[in-house]
Amino acid sequence: MSTASVPAAGAEDAPGDQPDTSPGRRFEPDLRSMTRINLRPIASPMPLGFFTVAIASVMTGCLQLGLFDTEARKAVALCVLPAFALQFLVSILAFGARDVIAATLMGTFAGSWLAYALVMLTGAPDGLRVLGVFNLAFLCFGALMAAVTRPKRALWFVLVVSMPRWAATGLSGLTGAEWLTRTSGALGLVVALVAMYAAFALMLEDMRSEEVLPIGRSGPAHAAVEGDLAVQLRNLERQAGVRRTL
């Protein structure tokens, strides 16, 4: 390992070498040769995140389809509430894995499950209309996220099938149309199927260290999985947590 030499205390600089600075200012040597960046590998949290999306979508979809009575709203909310904790955990782990897209998406999903569960549990006045506006705002978020997640096809497909459901849920909450509620419930089951497939495919890939079921990664997402270590560490010094500012 190379080291940087520091002038001995009291040594005088040669004439003309003195920096034009105020007295008492201290200059540090170049520390780049002595800098080490440690990475800590973790297991992928994404299968947990997708399985959570699938299970919560099944519960809410069954309620919207009328398979549960309206009195079961609080019970469904209690079943959905753990999705907040699980997806919040997935978001934290994804930030630690340097995947800001997955972390942002899972963290926002976590917040949506918490909002839904609290409104249903408390029976807040005009709660369905409020959730309708909330889902339409979520639709705008999903459209923006879909624009940047296409190379990560598993996330992209879940977003693409989720957006029609958010639209139907939002409009049904604002209008009270029963057919929109039923449509949203059916779309929720579609979301569950896609999320379940993505979770299972990613879990198999992680266990066997190769793609077993097609996921369709492309671009940087494909290079991150198929590339060598040099690809993984490219521009590491400019990533959040290493650079000085976010």
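**Exercise 1. In which helix is Leu 136 found? Place the residue, classify its exposure and describe its surroundings.**

Solution. The model is a predicted one, and the first step is to locate the residue, which belongs to helix H4. The second step is to classify its exposure: with a relative accessible area of 25%, Leu 136 is partly exposed, because that class lies between the cut-offs of 20% for buried and 50% for exposed. The third step is to list its contacts, leaving aside residues up to four places away in sequence; Leu 136 then touches Trp 166, Ala 167, Gly 170, Leu 171 and Leu 174. As a last step, take a C-alpha distance: Leu 136 and Thr 169 are separated by 33 residues in sequence and by 8.1 Å in space.

**Exercise 2. Compare the span that H4 should have with the distance between its end C-alpha atoms, and then state which residues of H4 are buried.**

Solution. Begin with the length: H4 has 22 residues, and at 1.5 Å a residue these should span 32 Å, which agrees with the 32 Å between its end C-alpha atoms. The factor is applied to one less than the number of residues. Next, turn to burial, where Gly 127, Leu 131, Gly 132, Asn 135, Phe 138, Phe 141, Gly 142, Met 145 and Ala 146 of H4 are found to be buried. Finally, ask what provides the cover for these residues; H3 and H5 are included in it.

**Exercise 3. Carry out the corresponding analysis for H1, and describe what follows this helix.**

Solution. For the 19 residues of H1, a rise of 1.5 Å a residue leads to a span of 27 Å, and the end C-alpha atoms, 27 Å apart, agree with it. As to exposure, H1 is mostly covered, since 14 of its 19 residues are buried. After the helix comes Gly 66, whose phi is positive, near 85°.

**Exercise 4. Describe the largest nonpolar core, beginning with the residues that touch the most other members and ending with the contacts of Met 106.**

Solution. The core has 42 residues, and those touching the most other members are Met 46, Phe 50, Leu 105, Met 106, Phe 109, Tyr 116 and Leu 155. To see where the core comes from, assign its residues to helices: H1 (46-64), H2, H3 (100-122), H4 (127-148), H5 (153-175) and H6 (178-208) each supply at least two. The largest share is that of H3, with ten residues. Met 106 can then be examined on its own; apart from residues up to four places away in sequence, Met 106 touches Met 46, Gly 49, Phe 50, Gln 87, Val 90, Ser 91 and Leu 155. As general background, nonpolar side chains tend to be buried together in soluble globular proteins.

**Exercise 5. How many salt bridges are there? Give the N to O distance of each pair and the exposure of its residues where available.**

Solution. With a cut-off of 4 Å between nitrogen and carboxyl oxygen, the count is three.

- Lys 152 and Asp 99 meet through their side chains at 2.8 Å, N to O. This pair links distant parts of the chain, 53 residues apart, with Lys 152 in the loop between H4 and H5 and Asp 99 in the loop between H2 and H3. Lys 152 is partly exposed at 24% relative accessible area, and Asp 99 is partly exposed at 22%.
- Asp 126 pairs with Arg 129, their closest N and O atoms being 3.7 Å apart. Arg 129, at 40% relative accessibility, counts as partly exposed.
- Arg 182 pairs with Glu 178, with 2.7 Å between the closest N and O atoms. Both residues lie in helix H6, four residues apart, which is about one turn of the helix. Arg 182 is partly exposed at 33% relative accessibility, as is Glu 178 at 46%.

**Exercise 6. Which residues make the nonpolar surface patch of about 370 Å²? Identify the helix that gives the most to this patch.**

Solution. The patch is made by Ile 42, Leu 48, Leu 86, Leu 89 and Leu 93. Helix H2 (residues 73-96) gives the most, namely three residues. Leu 89 has its place in H2, and this leucine counts as partly exposed at 40% relative accessibility.

**Exercise 7. Summarise the fold and the surface of the whole protein chain.**

Solution. Count the elements: the chain has eight helices and zero strands. Then consider the contacts with a separation of 6 or more, of which 68% join residues 24 or more positions apart. Buried residues make up 31% of the 246 residues. The accessible surface comes to about 15,200 Å², and 63% of it belongs to carbon and sulfur atoms.

Terms used. Residues numbered from 1 in each chain as written. Predicted model: local features only at pLDDT ≥ 70, side-chain atom pairs only at ≥ 80, totals over all residues. Heavy atoms only, no water. Patch = residues over 30% accessible without salt bridge, like charges linked within 9 Å, V, L, I, M, F, W, Y side chains within 5 Å. Areas by Shrake-Rupley, 256 points an atom, 1.4 Å probe, with all protein chains shown as cover. Buried < 20%, exposed > 50% of the residue type's maximum accessible area, 1.4 Å probe, protein only. Contact = heavy atoms within 4.5 Å. Core = buried A, V, L, I, M, F, W, Y, C linked by side-chain atoms within 4.5 Å.
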